[in-house]
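Okay, thanks everyone for making time. I'd like to walk you through one model today, so let me get it up on the screen.

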Amino acid sequence: MCGIVGYIGDKDTKEILLRGLEKLEYRGYDSAGIAVLNDEGVHVFKEKGRIAALREIVDPASEGSIGIGHTRWATHGVPNRVNAHPHQSSTSRFTLVHNGVIENYEQLKREFLSGHEFISETDTEVIVQMIEKFTEEGLSVEEAFRKALQQLKGSYAIALLDKQDQDTIYVAKNKSPLLVGVGEDCNVVASDAMAMLQVTDQFLELMDKEMVIVTKESTTIKDLDGNVIARQPYTAEIDASDIEKGTYPHYMLKEIDEQPFVIRKIIQNYQDESGKLKLDESIRKAMKEADRLYIVASGTSYHAGLIGKQFIEKMAKIPVEVHIGSEFAYNMPLLSENPLFIFISQSGETADSRAVLVQIKKLGYKALTITNVPGSTLSREADFTLPLYAGPEIAVASTKAYTAQLAVLAILAVDVAQSKGITLEFNPLKELAIVANAMETMCDSKEEMTKIADEYLSAHRNSFFLGRGVDFYVCLEGALKLKEISYIQAEGFAGGELKHGPIALIETDTPVVALATQENVNLSIRGNVKEVVARGANPCIISMKGLEAEGDRFVIPAVHELLAPLVSVVPLQLISYYAALHRGCDVDKPRNLAKSVTVE
Ligand code: F6R
């Protein structure tokens, strides 16, 4: 979702801003802009569409040693040049970029800016106009900035330039992610460390309702009452090569291929020298003390949660409920007496989950976050974190983070089971090693996956994914993958539910992908496939070695049944990738989607 960058220093400001925005492209956006300040004034360039289009309109002569930039994912107002950020105050003294949603902007317009003419349809413009108004009333810029922030309800990450001051970027954050980077002879601002690794790997975390005065030499964090807050920078441990595509045509394909490596990394990081599971004792204790677990997540992470419930209930014998973050936030279910909350999130920034975390913290409950970004908001604000070790995931469609979530959930379930004294015929580290090998075989089957994509999906408008038990949950994920990147309508159904409605949609040649990796439902899912075939469907059965039958289109290598989702999802990821590719879609940056959904 929207991304912010800022730079103050002696290097080529516009190039650093543009490169920073390119690194934020993965978050999803539909317009972009930068502002560079120099002796002649502020030079603002904005464009609808990709950063490449913005690059073309940036005047190469607009030098400056201070600037801000933004990628916008439209919330208030259509994506066009006028609504793109940066936005300016009426006299152009102030220039501002904002990420988030100002919930009370209409009220602020009425209260502080009546009679004022607004150029854009955005909620953002109200902030920059208020700041100008407050300075006109006699406040210093810092005071005006703080006063404006005190009026805002909602989420924001903000960077502000003052035409009369080439030495300062004013920065603030509430609920939306923002970091300040500390460089040599320069300082930077970024929604995500990846954007500014080109300049520094030293970053200052910002808490909600903090502001920062960033100059070339200093970074001063203050609360909204003006009190100075001391904080040391941390080192962002991201390998710059992790965020490059290398020889791959798309990040998604690279990330699918990285899955065996990620699983091996998880095995390494979650075992001690003697080869036993290694989990923080406090997490174990919190899990054991809970009478019920509440998994909260969205999208792909929610699908991982559904399978995590199976792991935990089957092995650790703790009841689990799985909830969609945005639903839980407004319809909290009746909670058990001693709940523990588990937030699953690749980015650790998903606003829907964060809203739940804030609520349950107020109620005094404990939370564990399973995330790929340990310094993220959901990680910082939870009591415990389990990292995914998947490395940066850039493609909008989540792949390696999903399988990493499943692996970590399996480890968590087994560890807690063992510490409760439950004997399991299941060694997760050994079984995960088998999974990593099986994933490798799957990644080597790309030619076959290309064919399957063409045979069944590429030319169709809609498709179905059928499964039972955990296969059903993998089908939900497979259908999500396909629809989000290829725009083919795809729905995942539990096999048994078909005759309760969805079978009405089956016509001649309707593609139906069915998974058969679970012995106890192997015959019944095959029965469901017969039902759709009788109505003309074109079935593509993907089964697991040992359960295969004549006519299956692809057989995945055998792994422990519980862990089958980690492998059976790989062909679904690959056929989605190839279907999208063959349809000419922008695989890594599908329309309308954002990688990090930081607004509710
Ligand atoms: C789909 C996808 C999304 C995310 C969802 C939650 O491929 O990536 O459905 O899973 O937006 O994001 P995180 O996991 O960052 O909380």
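I'll go through the cores, then two sets of strands, then the pocket. Bear in mind that this is a predicted model.

Let's start with the inside. The largest nonpolar core takes in 133 residues, and Phe311, Ile342 and Leu412 have the most contacts inside it. Which helix gives this core its largest share? That's α14, residues 400-419, with 14 residues. If you zoom in on Ile342, leaving aside residues up to four places away in sequence, you'll find it touching Met287, Leu293, Tyr294, Ile295, Val296, Ile312, Leu368, Ile370 and Leu412. Then there's another core lying apart from the largest one, with 27 residues, including Ile127, Ile131, Leu160 and Met211. As a general point, nonpolar side chains in soluble globular proteins tend to be buried together.

Hang on to Met211, since it takes us to strand β12. All five residues of β12, 210-214, are buried, so the strand is largely enclosed by the rest of the structure. Glu210, Val212 and Val214 point one way, while Met211 and Ile213 point the other. And what does β12 pair with? Strand β8, residues 165-174, runs antiparallel to β12 and is joined to it by five bridges; there, Tyr170 has Ile213 as its bridge partner. Strand β13, residues 219-223, is also antiparallel to β12, again with five bridges, and Met211 stands opposite Lys222. β12 and β13 make a hairpin, with four residues between them.

Now over to the parallel sheet. It's an open one with five strands, in the order β22-β21-β23-β24-β25. The edges are β22, 489-494, and β25, 554-556, each pairing on one side only. From one strand to the next, the twist averages 20 degrees. Further in, β21 (462-467) and β23 (511-516) pair over three bridges, with Leu466 partnered by Ala514 in β23.

Two helices to point out here. Helix α18, residues 522-533, lies across β21, β23 and β24, at about 170 degrees to β23. Helix α19, residues 564-582, packs on the sheet too, touching β21, β23, β24 and β25, and its direction makes about 160 degrees with that of β23.

Last stop, the largest pocket, which holds about 880 Å³ of space. It has 39 lining residues, and the closest to the centre are Ile238, Asn372, Val373, Pro374 and Gly375. The elements giving two or more residues to that lining are α6 (193-196), β15 (234-235) and α13 (377-381).

That's my tour, so over to you.

Definitions and conventions: Residues are numbered from 1 along each chain as its sequence is written. This is a predicted model: local features need pLDDT of at least 70, side-chain atom pairs count only at pLDDT 80 or more; totals for chains, interfaces and linings use all residues. Side-chain values use heavy atoms; hydrogens and water are left out. A nonpolar core is a set of buried Ala, Val, Leu, Ile, Met, Phe, Trp, Tyr and Cys residues joined through side-chain atoms within 4.5 Å. Buried means under 20% relative accessible area, exposed over 50%, partly exposed in between (1.4 Å probe, protein chains only). Contact means heavy atoms within 4.5 Å. Two strands pair if DSSP finds at least two bridges between them. Axes are lines fitted to C-alpha atoms, for helices over the stretch in contact, and angles run from 0 to 180 degrees between N-to-C directions. On a 1 Å grid over the protein atoms alone, a cavity is a set of points where a 1.4 Å probe fits but cannot get out, and a pocket is an open set with protein on both sides within 12 Å along at least five of seven lines; lining residues have an atom within 4 Å of a point. Grid points are joined across faces, edges and corners, and a volume is the space filled by probe spheres set on the points.
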